[in-house]
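User: I have the model open and would like to go through its pockets, sheets and charged pairs. Could you start with the pockets?

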Amino acid sequence: MWRKAAAVALLALAVGYLYLGSRPDLPDQMIQYFLPLLHPSPHSKPSSPTVEQVISSAWEVMITTPAKQWGRVAVGVNACVDVVVSGVGLLQALAVDPGTGRDHQVLHSKEDLREAFIHYMEKGAAAERFFSDKEVFQRIARAAAEYPGAQLYVGGNAALISQKLASYPELMVLLCGPVGPKLHEMLDEQIVVPPESLQEMDEYHLILEYKAGEQWGLTRAPQANRFIFSHDVSNGEMRALKTFVASLEEFQPDLVVLSGLHMMEGQGRHIWDDKLKEAVASISDVRNQVPIHLELASMTDKDYMNRVMQEQVIPMVCSIGLNEQELLFLSQAGSGPHSEMTSWKGIPDVGRVSDILLWILETHGHSDPEAEADLTRIHFHTLAYHVMATVNGHWDNQPAAVMAGARVASTQACGLQTVDVNKVVLKAPLEFYSSNHEPREILTLNPGDPVTVWHRGNVTFYLTPVLVCKEPLRTVGLGDAISAEGLLYSEIRPQQPFLD
């Protein structure tokens with residue numbers, strides 16, 4: 001259709017020139033040009049760029065570094081070694097038969113593992129669980145390590161974020177967490193690990209991956225993802241937190257990144273109640289000196305999430321990063337917007353995501369200048385698109401930050417350094433609403449300017465699409481890389497109490 005339209009336009013122009021008589025040779029030149037458009041060679045390639053090419057090119061132009069960049073970032077407190085295997089393959093090797101799925105807050109047996117794995121595989125959703133039986137876990141871990149194709153990677157949100165930050169040589173990175181010999185060997189040399197964080201044994205997490213369309217029994221995965229589980233007491237009790245806070249005075253960071261709170265959930269209320277109080281006391285010592293970003297992860301206990309959200313941690317940090325499961329669970333735990341939903345159906349609706357993000361910033365953040373909470377920024381990521389929501393007047397360079405996060409999602413999933421437009425596909429909606437209820441506005445995605453901006457109250461939203469990798473090589477750590485990249489391109493405005 002576009003070829004015919006171009007030919008018609010050129011023909012009209014040529015006739016106009018002929019009628020005016022100023023260039024009698026021009027129509028012949030034009031005819032030679034537009035005839036191939038009407039009758040293209042079967043071997044000719046279309047000259048029109050794909051939407052993926054347009055978006056990728058726009059990213060390269062529009063992603064710019066902030067005026068003031070971080071110089072020193074301290075990250076803590078969960079770190080481990082990830083053993084990555086085929087989930088279906090490992091479970092078959094363990095002589096576990098497929099069946100129906102069911103979620104478990106804590107795993108106690110291979111049967112619990114099977115049910116929880118199927119539950120999330122059929123949704124195509126990521127999840128992380130604690131395995132309570134140490135001996136059974138160790139047997140499964142040995143089988144995983146011996147499984148053909150098993151691979152060892154740096155693991156744990158804090159360690160993964162540190163690795164991504166350390167890819168920028170001008171940045172100094174401190175990592176506090178339980179670092180054993182294998183993990184220490186795999187970490188980037190640029191990462192500073194305090195001696196107090198080193199331990200004799202590594203903590204291992206098992207990552208059961210599955211591909212889009214992979215089938216086990218009657219379960220078929222709608223998209224690629226992973227299920228994570230461990231028997232990790234060091235991270236579960238956040239033993240490195242005191243070391244982390246103690247190290248900050250000497251390191252003098254510009255930014256603190258905190259993760260691993262989700263690991264305490266599986267320890268039981270008798271442990272996480274006291275540990276949360278310790279974490280809050282530690283954060284209280286830091287919050288008046290340096291901005292804090294909190295990276296969330298999969299949780300299942302609404303009481304625990306409520307404590308984290310309402311009275312404990314979230315109001316004390318400036319920024320959080322989370323995905324669609326964590327966003328919805330946060331709303332469910334706090335009886336927020338759309339909390340009646342049990343799960344997202346397909347690509348999360350932008351209007352509903354916008355409603356929950358606004359609720360968090362207005363209820364638990366600093367959207368009101370009189371509010372005591374510090375939270376002013378949320379970096380939300382899902383497979384098809386990312387949204388940055390910020391309270392006005394607190395952050396700069398957020399369009400570039402949200403695009404940078406989306407770009408690294410595309411490249412890292414495909415195992416590349418740059419976007420290969422032949423290996424990615426646009427799945428984000430081209431039209432969507434700013435809210436799920438009135439008053440609302442219809443918004444559109446412009447591939448040539450791939451950040452859609454809207455305002456609600458004192459909050460500004462920035463949405464960019466993700467060019468989704470068609471055949472992802474690895475999904476673990478994508479959220480951590482996204483948040484790290486978004487932070488690298490973000491600039492916080494100097495305000496009390498962060499004035500130099």
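Analyst: The second largest pocket has a volume of about 1200 Å³. A pocket here is, on a 1 Å grid over the protein atoms alone, an open set of points with protein on both sides within 12 Å along at least five of seven lines, and lining residues have an atom within 4 Å of a point. Grid points are joined across faces, edges and corners, and the volume is the space filled by probe spheres set on the points. Please keep in mind that this is a predicted model, in which local features need pLDDT of at least 70 and side-chain atom pairs count only at pLDDT 80 or more, while totals for chains, interfaces and linings use all residues. Residues are numbered from 1 along each chain as its sequence is written, and side-chain values use heavy atoms, with hydrogens and water left out.

User: Which residues are closest to the centre of that pocket?

Analyst: Of the 43 residues that line the second largest pocket, Thr411, Gln412, Gly415, Leu473 and Arg474 are the closest to its centre. The elements that give two or more residues to this lining are helix 3 (51-62), strand 2 (80-86), strand 5 (151-155), helix 7 (157-166), strand 8 (204-210), helix 15 and helix 16 (478-488). Helices (H or I, at least four residues) and strands (E, at least two) are DSSP runs, numbered from the N terminus.

User: And which element gives the most?

Analyst: Helix 15 does, with four residues in the lining of the second largest pocket.

User: OK, sheets next. What is the strand order in the ten-stranded one?

Analyst: The ten strands form an open sheet in the order 7-6-1-12-13-14-15-16-22-21, with mixed pairing; two strands pair if DSSP finds at least two bridges between them. Strand 7 (191-192) and strand 21 (452-456) are at the edges with a single partner strand each, so one side of each has no neighbour in the sheet. Helix 15 (residues 398-413) packs on this sheet and touches strand 15 (377-381), strand 16 (385-391) and strand 22 (459-465), contact meaning heavy atoms within 4.5 Å. The direction of helix 15 makes about 155 degrees with that of strand 16, where axes are lines fitted to C-alpha atoms, for helices over the stretch in contact, and angles run from 0 to 180 degrees between N-to-C directions.

User: In which sense do strands 12 and 13 pair?

Analyst: Strand 12 (residues 255-259) and strand 13 (residues 292-295) pair in the parallel sense, over four bridges. Within that pairing, Val256 has Ile292 in strand 13 as its bridge partner.

User: How is the six-stranded sheet ordered?

Analyst: Its order is 3-4-11-8-2-5, again an open sheet with mixed pairing. Strand 3 and strand 5 are the edge strands, each pairing on one side only. Strand 8 and strand 11 (residues 225-230) run antiparallel and are joined by six bridges, with Ile228 in strand 11 as the bridge partner of Ile207. Helix 6 (residues 134-146) packs on this sheet, touching strand 2, strand 4 (127-131), strand 8 and strand 11, and its direction makes about 60 degrees with that of strand 8.

User: Back to empty space: how many cavities of 30 Å³ or more are there?

Analyst: The count comes to one, a cavity being a set of points where a 1.4 Å probe fits but cannot get out. The largest cavity has a volume of about 70 Å³, and the residues that line it include Val256 and Ile292, which are also bridge partners. Helix 10 gives the largest share of this lining, four residues.

User: Last topic, salt bridges. How many are there?

Analyst: Eleven are found in the whole structure, a salt bridge being a side-chain nitrogen of Lys or Arg within 4 Å of a carboxyl oxygen of Asp or Glu. One of them joins Glu115 and Arg102, with the closest N and O atoms 3.6 Å apart. Glu115 lies in helix 5 (residues 110-121) and Arg102 in the loop between helix 4 (87-93) and strand 3 (106-107), so the pair ties together parts that are 13 residues apart in sequence.

User: Is Glu115 buried or exposed?

Analyst: Glu115 counts as buried, at 16% relative accessibility, whereas Arg102 is partly exposed at 48%. Buried means under 20% relative accessible area, exposed over 50%, and partly exposed in between (1.4 Å probe, protein chains only).

User: Which residue does Asp396 pair with?

Analyst: Asp396 meets Arg493 in a salt bridge of 2.8 Å, N to O. Asp396 is in strand 17 (residues 395-396) and Arg493 in the segment after strand 24 (491-492), 97 residues apart, and the pair links distant parts of the chain.
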